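User: I am new to this structure and would like a close look at a single part of it. Please choose one helix, and set it in the context of the whole chain before going into detail.

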Amino acid sequence: MEDYSGCYGDLRKEYLKRTAESISKAQQEYPRLLAVRVDFRLPMSKEKLEKARVDSSVITRCMKSLKERIKADLKRKKKAGKRTYPCRLRYVWVREFSLEGKKHYHALLLLNKDVYFHPGGFNKDSGTLASMIAGSWVNALGLSYPADRCLVHFPRNGYYHLNSKREKELITSINTHMDALKFRTAYMAKVATKSNEDGERNFGCSQN
């Protein structure tokens, strides 16, 4: 297991292990894999924060909503006569707190690249993966989309393509992409910015 503590400080090894397992499971099912890093934030204004559903189940509701949106998207495409592929959503999430004490979540989403090549934009009617992700978070909060889509942030260069069935001569490229993803997701395992004071979970991942 790589040591990224020099970059991010102390890391929780269990988080690193379970993240690697989630990526491995996704690769076994989908050799051509899309991995997306996304940040989920809570409203800044006191008025909107009081209105939002920010309980400990908010991230679970988000993932459930996204699964349903993906299922509906594939159904629409199939009905339109387009070729479709299966796409099971796998994910890893961590809960963190800013220096000001504001709760937020970092997530890694793993999907079949034959279905979604990249997140795309997240305009109201774009029908992209990004719009489904943003809509799922806003829905989980009980707020309005697209008005509150700014609560979802896609980091720069935040998605990766992994292809475990490429020709052997490209193995260096494959390893490079995987190394970049591991480095990026190690950030989520850092001990700093986590809190155990309220008894809520700081880590979660898909179980299949």
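**A close look at helix H4**

Analyst: Buried residues make up 45% of the 208 residues in the protein chain, and this share, like every value that follows, comes from a predicted model. The chain holds six helices and six strands, which run from the N terminus in the order α-α-β-α-α-β-β-α-β-β-α-β. Its C-alpha trace spans about 55 × 50 × 30 Å along the principal axes, and because a compact globule of 208 residues would have a radius of gyration near 17 Å, the 17 Å found for the protein chain agrees with that expectation. Of the contacts between residues at least 6 apart in sequence, 72% join residues at least 24 apart.

Against this background, helix H4 covers residues 58-79, and its 22 residues should span 32 Å at 1.5 Å a residue; the end C-alpha atoms are 31 Å apart, which agrees. After H4 comes Gly81, whose phi is positive, near 85 degrees.

Which residues of H4 are buried? They are Val58, Ile59, Arg61, Cys62, Met63, Ser65, Leu66, Ile70, Asp73 and Leu74, a list that includes the charged residues Arg61 and Asp73. For reading such a list along a helix, it helps to recall that an α-helix has 3.6 residues a turn, so residues three or four places apart point the same way. The buried residues of H4 pack against four elements, namely strand S1 (32-41), strand S2 (90-97), strand S3 (103-112) and helix H5 (129-141).

One of these partners, strand S2, covers residues 90-97, and a look at Ser195 leads back to that stretch of sequence, since Ser195 touches Arg95 and Phe97, as well as Asn202, when residues up to four places away in sequence are not counted. Ser195 has its place in the loop between helix H6 (171-186) and strand S6 (203-205). With a relative accessible area of 18%, Ser195 counts as buried, because the cut-off for that word is under 20%. Ser195 and Tyr30, by contrast, are 165 residues apart in sequence and 34 Å apart in space, taken from C-alpha to C-alpha.

Turning last to the outside, the protein chain exposes about 11,600 Å², of which carbon and sulfur atoms supply 50%. The chain carries 41 positive and 23 negative charges, and the mean positions of these two groups are 7 Å apart.

Technical notes. Residues numbered from 1 in each chain as written. Predicted model: local features only at pLDDT ≥ 70, side-chain atom pairs only at ≥ 80, totals over all residues. Heavy atoms only, no water. Helix = DSSP H or I, 4+ residues; strand = E, 2+ residues; numbered from the N terminus. Expected span 1.5 Å × (residues − 1). Buried < 20%, exposed > 50% of the residue type's maximum accessible area, 1.4 Å probe, protein only. Contact = heavy atoms within 4.5 Å. Rg over C-alpha atoms; globule rule 2.2 N^0.38 Å. Areas by Shrake-Rupley, 256 points an atom, 1.4 Å probe, with all protein chains shown as cover. Charge placed at Lys NZ, Arg CZ, Asp CG, Glu CD.
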